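Student: I would like to work through this structure with you, one question at a time. Could we look at it together?

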Amino acid sequence: MNQTVDTCVIGAGLGGLSNARKLEAAGDSYVVLDKGRTPGGRAATRRFADSRFDHGLPLLTDQGPLTRALTEEGHQAGVLEEIEADGTAAGGWFAPAGISALGKHLASGLKIRSRCRATGIEEHSGSLTVTGEPDLGQFTVEVRKSLMLTSPLPQSLELLAPLEPDWLLPEEAPCDKCVVAMARIDQDRLPDGPLLRDLEEGSGRLALEHRKFPDVIPGVSLRFSPLMSEGLFEVEDGQIKEVMSGTLEEFTGPVADDQIQLMKWRYATGSGAVPDPYFGMTRGEVAIAVCGDGFFGGAASGTRRV
Ligand SMILES: Cc1cc2nc3c(=O)[nH]c(=O)nc-3n(C[C@H](O)[C@H](O)[C@H](O)COP(=O)(O)OP(=O)(O)OC[C@H]3O[C@@H](n4cnc5c(N)ncnc54)[C@H](O)[C@@H]3O)c2cc1C
């Protein structure tokens, strides 16, 4: 796959898709590259044991005009529903088919190349060339006007390193890890209460997935806190499942190992270390913006001023 476009967006998460919809509406020449199979990025849904889990972003909350526009769009398309007032402290919006349905909806009609991982960016006489690896062979995209990187900030910075950006980078990692454990629960042992529940001593947050998905076998997920996740990240799966089972005991009774699945996000939530709205620079004729959610304190998209 070799092509030439005015704009290349790296990442088809909610941020990249929101940008791409504007490009599509304006009739611009663009392409979105994403290394994943399906759009949505961290707004991801997994099915296992006939249960459904939003194992990344659990729901959308109002974090400003961008998320409001996103929820409005999702609501009007019939993809998002509002959570009852007592469902979480903050309220918010969820997708009855799983939050990944929002990414799929936003992606509809856009020019997206899935399974295309960008691995290099080079400058060539005024334009930029993005190279990478799809499942089969290699691809090259020549970019004439703008390049938007919406991948998690550490990944974007790694990709741009050969262009030697002169930004003042934060000393601390701008992304926290998150280990997520998902468990299928017997119908007669369902915990009740708010959809999201903080565990004692800040060790994590329980999400009662069955409150969102009453049409499938019920499930509960546990997002370990950044501190716990850091400690658990390299730990064997069996041990993490034990921790999950022990935690759930109080709420649902013990859960067997084979009813638990794990997901480890290396870059889960922006820790808000970057005060700028985005990093911008030009190389040749091309404007480059790094605008993942490491900006704006981890809001669901850091792209509002691009
Ligand atoms: C467990 C968990 C819990 C969360 N909880 C909350 C919460 O409670 N509230 C909240 O506001 N936010 C939460 N978030 C964060 C929220 O999910 C993100 O802020 C939001 O989804 C980010 O969207 P994005 O488009 O900026 O990035 P992403 O969704 O990460 O999209 C980036 C995309 O870039 C792609 N990509 C990366 N590198 C490359 C490459 N080299 N080439 C091509 N494609 C690439 C990825 O495949 C991905 O699809 C949570 C995230 C996780 C994982």
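Student: From which domains does the shell around the ligand draw at least three residues each?

Tutor: This is a predicted model, in which local features need pLDDT of at least 70 and side-chain atom pairs count only at pLDDT 80 or more, while totals for chains, interfaces and linings use all residues. Residues are numbered from 1 along each chain as its sequence is written. With domain bounds that come from an automatic or database domain assignment, the shell around the ligand takes at least three residues from each of domain 1 (2-172 + 272-298) and domain 2 (175-270).

Student: How many residues surround the ligand, by class?

Tutor: A residue is near the ligand if its C-beta atom, placed from the backbone, lies within 6 Å of it, and Gly11, Gly13, Gly15, Gly41 and Ser151 are the closest of the 35 residues that surround the ligand. The elements that each supply at least two residues of this shell include helix 1 (14-25), strand 8 (116-124) and strand 15 (260-270); helices (H or I, at least four residues) and strands (E, at least two) are DSSP runs, numbered from the N terminus. Counting Ala, Val, Leu, Ile, Met, Phe, Trp, Tyr, Cys and Pro as nonpolar, Asp, Glu, Lys and Arg as charged, and the others, Gly among them, as polar, the shell has 15 nonpolar, 14 polar and 6 charged residues.

Student: Why does the largest nonpolar core lie between two domains, and which are they?

Tutor: A nonpolar core is a set of buried Ala, Val, Leu, Ile, Met, Phe, Trp, Tyr and Cys residues joined through C-beta atoms within 7 Å, and the largest one has 76 residues, with Cys8, Leu33, Val141, Val143, Leu147, Ala181 and Ala183 making the most contacts inside it. Strand 11 (residues 175-184) gives the most to this core, with 7 residues. The core lies between the domains because both give residues to it, namely domain 1 (2-172 + 272-298) and domain 2 (175-270).

Student: Which residues is alanine 181 in contact with, leaving aside its neighbours within four places in sequence?

Tutor: Alanine 181 is among the residues with the most contacts inside the largest nonpolar core. Taking two residues to be in contact if their C-beta atoms, placed from the backbone, lie within 7 Å, and leaving aside those sequence neighbours, the partners of alanine 181 are Ser221, Leu222, Ile240, Lys241, Met244, Ile260 and Leu262.

Student: Within what arc do the buried residues of helix 3 fall?

Tutor: A residue is buried if 20 or more other C-beta atoms lie within 10 Å of its own, exposed if 12 or fewer, and partly exposed in between, with C-beta atoms placed from the backbone. In helix 3 (residues 100-107), the buried residues are Ser100, Leu102, Gly103, Leu106 and Ala107. They line one face of the helix because, taking the directions from the helix axis to the C-beta atoms, these residues fall within an arc of 155°.

Student: Against which elements do those buried residues of helix 3 pack?

Tutor: One relevant pair is leucine 14, found in helix 1, and lysine 104, whose C-alpha atoms are separated by 10.0 Å although they are 90 residues apart along the chain. The elements against which the buried residues of helix 3 pack are helix 1, strand 3 (45-48), helix 2 (65-76) and strand 7 (112-113).

Student: Is serine 125 buried or exposed?

Tutor: Serine 125 is found in the loop between strand 8 and strand 9 (127-134), and its phi is positive, about 30°, although it is not a glycine. Because serine 125 has 6 C-beta neighbours inside 10 Å, it counts as exposed.
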